[in-house]
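Q: Could you take me through the pocket of this protein in close detail, and then through the parts of the chain that deserve a look beside it?

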Amino acid sequence: MPDDVRARQRTGTGLGLLLALVLGAVLLTALPEHGRQEGGVCTPHAVSSWSADDRLTGEFARYGDDATRTDDWTGGDGTHSVRLPDGRVLWLFSDTYLGQVHRPPNAVGESYAWRDTTAPLVRNSAVVMDGRGRLESTLPAPLFPDAAQNQWRWPVAARVEPRSPGSSEKVVRVLLWVRAAGQSPWIYGVPTATEVATLSLPQLRVESVVKVLDQSLVPDPSRRILFGTTLVEQGGWTYVFGGDDGQAASRPASSAYVARVPRGRLGDAATWRYWDGSGWGLRPRPVSGAKVGSAFSVVRVGRTYVLFTMAAGTAGLTTVTSYWACSPVGPWHGPTRSFSPSLPSAGVAAYNPQVHPELSGDGRLVLSYDVNWLETGGASASINANVTLYRPRFVTLRVTRSP
């Protein structure tokens, strides 16, 4: 079982959140390694420098520790974000702790802020950040109700788009992963379906949820594909990457896939088309080259696509690595330069590296990673005894052309 999957199991609710990836391009076929793309030249890229983003990490600590409410976010993982038309940023999380955070010392005398063991845990949440970068409120949680008995929804990537093609009215589309309770090795949930929710603007009220890819009839759960970790709009299309669960007991855990959807039609299953190895059809096939873990993210830097994933092997508990390609369908090249972001204490792991384009700029990328306890026994008690163990952390990267 992949180490980043183990890390999420420590919540006691399972991990399947970290499977996927999204991003886009305008190409219909794979390009050669140094192929031309939209009039520019694709070149190898790698991380040239990185530093901790203490401001963003500290803002989530400030908000989570605020004891003025008991029904708001105090910790979560599966960190995704989208900027709204009015300048606000909507942050989406999967398994989330609510409740109240108490000042240190905790119940066993340690110098950590802590939650009571009765703190509510919900399957998803959404937190609103104002235009100045200050977190201000948690939407009623869970924002997305369970799909059915013993099934739950985890939100992943989101995008503001026209309500329909050509419409001047905007809505928020949120990709959702549906998972069902399962037995070992699927104790973190069996992948079941990809859905798209529509949220109104500016109220952020859930208007509808539609299923765009049902995987419940695929006999082997390891071959079921969920789409939606990252999205990008390009040339009238939204490109969406996804992943399977791979082999639950081996690394790397997942293969990467990509779909494309006409802009404004994310919620229309009939318009989704999948890369099938040679073109866009109805049968998804893996993209080539990248060895990804169960969570990864992609951005476009100039004419080059850069993919971030946890490293293979035991380094996957602490180290983020990257690949590059001239096309979202590959071939991907790497791994290239890696880096190991800071962790709050021993016995914890990093996972789910996600780029936040709406917070990036001036040649820098903002990337978040989630943190969780490694030990299998008493995990919920451990992350309640030290609330910093289940919150996103942030780094700022610079990605440049490499030899």
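A close look

A: In this predicted model, the backbone oxygen of Arg 103 lies 3.2 Å from a polar atom of the Trp 114 side chain. Trp 114 itself belongs to strand E9, which covers residues 114-115. Although 13 residues separate Trp 114 from Val 101 in sequence, their C-alpha atoms are 5.4 Å apart in space. Apart from its neighbours within four places in sequence, Trp 114 is in contact with Gln 100, Val 101, His 102, Arg 103, Pro 105, Asn 106 and Ala 107, and also with Asn 384, Ala 385 and Val 387.

Turning to the pocket, the largest one has a volume of about 370 Å³. Its lining counts 23 residues, and those closest to the centre are Arg 159, Thr 230, Leu 231, Pro 357 and Glu 358. Two or more lining residues come from each of E5, E13 (151-162), E17 (225-234), E22 (296-301) and E25 (348-355), with E17 giving the largest share, five residues. By character, the lining of this largest pocket divides into nine nonpolar, nine polar and five charged residues.

Strand E5, one of the contributors to that lining, spans residues 80-83 and pairs with strand E6, residues 89-93, in the antiparallel sense over four bridges. Within this pairing, His 80 stands opposite Leu 92 of E6. The hairpin that E5 and E6 form has five residues between the strands, and in it Gly 87 takes a positive phi near 100 degrees.

Notes: Residues are numbered from 1 along each chain as its sequence is written. This is a predicted model: local features need pLDDT of at least 70, side-chain atom pairs count only at pLDDT 80 or more; totals for chains, interfaces and linings use all residues. Side-chain values use heavy atoms; hydrogens and water are left out. Contact means heavy atoms within 4.5 Å. A polar contact is a pair of N or O atoms within 3.5 Å; within protein, one must be able to donate a hydrogen and the other to accept it, and residues adjacent in sequence count only if both atoms are side-chain atoms. Two strands pair if DSSP finds at least two bridges between them. On a 1 Å grid over the protein atoms alone, a cavity is a set of points where a 1.4 Å probe fits but cannot get out, and a pocket is an open set with protein on both sides within 12 Å along at least five of seven lines; lining residues have an atom within 4 Å of a point. Grid points are joined across faces, edges and corners, and a volume is the space filled by probe spheres set on the points. Ala, Val, Leu, Ile, Met, Phe, Trp, Tyr, Cys and Pro count as nonpolar, Asp, Glu, Lys and Arg as charged, and the others, Gly among them, as polar.
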